[in-house]
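Student: Could you take me through one part of this model closely? I would like to see how a pair of helices packs together.

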Amino acid sequence: MNIDAWVWWLIGAAGLGIGLVITAMPEFGMLAVGAVAAAVVGGLGGDAVVQVVVFAIVSVALIAVVRPIAARHRSQRPQLATGIEALKGRQAVVLERVDGSGGRIKLAGEVWSARALDSELTYEVGQEVDVVDIEGATAIVM
């Protein structure tokens, strides 16, 4: 049984696609696209050298163009802050006296334990404070 070269390229592309799914490395996907391009060339009658050249050119071009774009998008901070990042910088109301050792505040509709950023300062009930950080389940305020 003699299998055409284009079939081998498709098998290789499938293997690279599996590698992409298992490792989540986008480079495997780009190599898979290069293998599919080589399979097309092979199916159209291109010889082995042309198939390998097409595979290399398409794969390298995708890695050279797509990878920097993906890295730039990955390094950008999310537009919408979520979780504790969304609470930093918000204002809260003191429910129980807050000082360097502790207290309670109402933050985003919830009661939080809180501690003053400057251990020398004290915030009294009803005062508004700014949340500067979250450490575990404690809001650091000023």
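Tutor: Happy to; here is a walk along one helix pair and an aromatic contact beside it. This is a predicted model, where local features need pLDDT of at least 70, side-chain atom pairs count only at pLDDT 80 or more, and totals for chains, interfaces and linings use all residues. Residues are numbered from 1 along each chain as its sequence is written, and side-chain values use heavy atoms, with hydrogens and water left out.

Our pair is helix α2, residues 26-43, and helix α3, residues 48-75; helices here are DSSP runs (H or I, at least four residues), numbered from the N terminus. They pack at an angle of about 150°, with axes 8 Å apart; axes are lines fitted to C-alpha atoms over the stretch in contact, and angles run from 0 to 180 degrees between N-to-C directions. The two are therefore roughly antiparallel, a label for angles over 145 degrees. The crossing of α2 past α3 is right-handed, meaning the near helix is turned clockwise from the far one by less than a right angle.

In contact terms (heavy atoms within 4.5 Å), α2 contributes residues including M30, L31 and V41, while α3 contributes V54, F55 and L62 among others. By class, this contact has 14 nonpolar, 4 polar and 2 charged residues; nonpolar covers Ala, Val, Leu, Ile, Met, Phe, Trp, Tyr, Cys and Pro, charged covers Asp, Glu, Lys and Arg, and the others, Gly among them, are polar.

F55 also has an aromatic partner: W9 and F55 form a tilted pair, 5.2 Å centre to centre with 35° between the planes. Rings of Phe, Tyr and Trp (its six-membered ring) pair if their centres lie within 6.5 Å, with planes under 30 degrees apart stacked, over 60 edge-to-face and the rest tilted. W9 lies in helix α1 (residues 5-23) and F55 in α3, so the pair ties together parts 46 residues apart in sequence.

Note on methods: Angles under 35 degrees count as roughly parallel, over 145 as roughly antiparallel, 65 to 115 as roughly perpendicular and the rest as oblique.
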